[in-house]
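Reader: Could you walk me through this chain and tell me what stands behind each label you use?
Author: Gladly; here is the chain itself.

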Amino acid sequence: MDEDLWSILIALENNTRREMLKTLANYDSYGLELSKMIGVSQQAINKQLEILEKLGLISTNGSMPSTMGPPRKVYRSMGFSTITIDYSRNFMSIKKMDIEYDNDNVEGNNSDLVHELDVLNHEINEIDRKRNLMTAKKDMIIGKLKEKASGYDNFYRKIIYEYLETMDSSIVSQNTGVPAEMVERIINDFLSE
């Protein structure tokens, strides 16, 4: 998993940052306003804004005049889309998917748009349910394959397990430092049983 994704996960574990991101997903805001809404000192908010901006989760969206000093920096959510974490008995996977917008215009009256949103929410919930079933099956298959690999020594098992995670012998070679030909031979031996 890349460093950026770990950094995002670490950023999201903080309740204040989550509240800030949730607020900025609804509308642009500035430090003092966020401080009052979330109930955290402005100094703490400014520190969190800096962290979120460094991670690319928010950006400045201009400024607004202030009656008590320099203009206020206004922040907005940058979003990304989805982080999926699968943690089962036999594997762990973390993926980040960015939003891919198409050029379809979203139009209609409020009632139509709310209805469309409701339909989309139901479709996403159904996809999540199916994904959960597929993940459970994946876990059972990996468990069975690990059981079959249990007779191998630690070195071979490491290669096999890495292959089951990546399904790509060249990545296994890269990640383990084991020559590609040896990885191929170990995987082929395992697959031929």
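What follows is a set of questions about the labels, each with its answer.

Author: A word on the ground rules: this is a predicted model, in which local features need pLDDT of at least 70 and side-chain atom pairs count only at pLDDT 80 or more, while totals for chains, interfaces and linings use all residues. Residues are numbered from 1 along each chain as its sequence is written, and side-chain values use heavy atoms, with hydrogens and water left out.

Reader: How many helices and strands are there, and what makes a stretch count as one?
Author: The chain has 8 helices and 5 strands. Both are DSSP runs numbered from the N terminus: helices are H or I with at least four residues, strands are E with at least two. Read from the N terminus, the order is α-α-β-α-α-β-β-β-β-α-α-α-α.

Reader: What makes S1, S2 and S3 a sheet, and in which order do the strands lie?
Author: Two strands pair if DSSP finds at least two bridges between them. S1 and S3 (residues 69–77) have 2 bridges and pair in the antiparallel sense, and S2 is joined to S3 by 6 bridges, also antiparallel. Both pairs therefore meet the rule of at least two bridges. The result is an open sheet of 3 strands in the order S1-S3-S2. S1 (29–30) and S2 (58–66) stand at the edges because each has a single partner strand, so one side of each is left without a neighbour in the sheet.

Reader: Which residues face each other there?
Author: On the S1 side, Tyr 30 stands opposite Val 74 in S3, and Ser 29 has Tyr 75 in S3 as its bridge partner. On the S2 side, Ser 59 stands opposite Arg 76 in S3. S2 and S3 form a hairpin with 2 residues between them.

Reader: What lies across S2 and S3, and at what angle to S2?
Author: Helix H4 (residues 42–54) does, running at about 140 degrees to S2. Axes here are lines fitted to C-alpha atoms, for helices over the stretch in contact, and angles run from 0 to 180 degrees between N-to-C directions.

Reader: How does the radius of gyration of the chain stand against that of a compact globule?
Author: The chain has 23 Å, whereas a compact globule of 193 residues would be near 16 Å. The radius is taken over C-alpha atoms, and the globule rule is 2.2 Å times the number of residues to the power 0.38. Along the principal axes, the C-alpha atoms fill a box of roughly 75 × 40 × 30 Å.

Reader: Why is Thr 16 called buried?
Author: Buried means under 20% relative accessible area, exposed over 50%, and partly exposed in between (1.4 Å probe, protein chains only). Thr 16 has 18%, so it counts as buried. Thr 16 is in helix H2 and, leaving aside its neighbours within four places in sequence, is in contact (heavy atoms within 4.5 Å) with Ile 38, Val 40, Ile 45 and Gln 48. Over the chain, buried residues make up 27% of the 193 residues.

Reader: Why does Ala 25 count as exposed, and Asn 46 as partly exposed?
Author: Ala 25, also found in helix H2, has 55% relative accessibility and so counts as exposed. Asn 46, in helix H4, has a relative accessible area of 37%, so it is partly exposed.

Reader: What makes a group of residues a nonpolar core?
Author: It is a set of buried Ala, Val, Leu, Ile, Met, Phe, Trp, Tyr and Cys residues joined through side-chain atoms within 4.5 Å. The largest has 13 residues, of which Met 20, Leu 34, Leu 49, Leu 52, Leu 57 and Ile 58 touch the most other members. Helix H1 (3–12), helix H2 (15–26) and H4 each give two or more residues to this core. A second, separate core has 12 residues, including Ala 149, Val 183, Ile 186 and Ile 187.

Reader: What makes the phi of Met 167 worth a look?
Author: Most residues other than glycine have a negative phi. Met 167 has a phi near 55 degrees, a positive value in a residue other than glycine. Met 167 lies in the loop between helix H6 (154–166) and helix H7 (169–176), and at 53% relative accessibility it counts as exposed.
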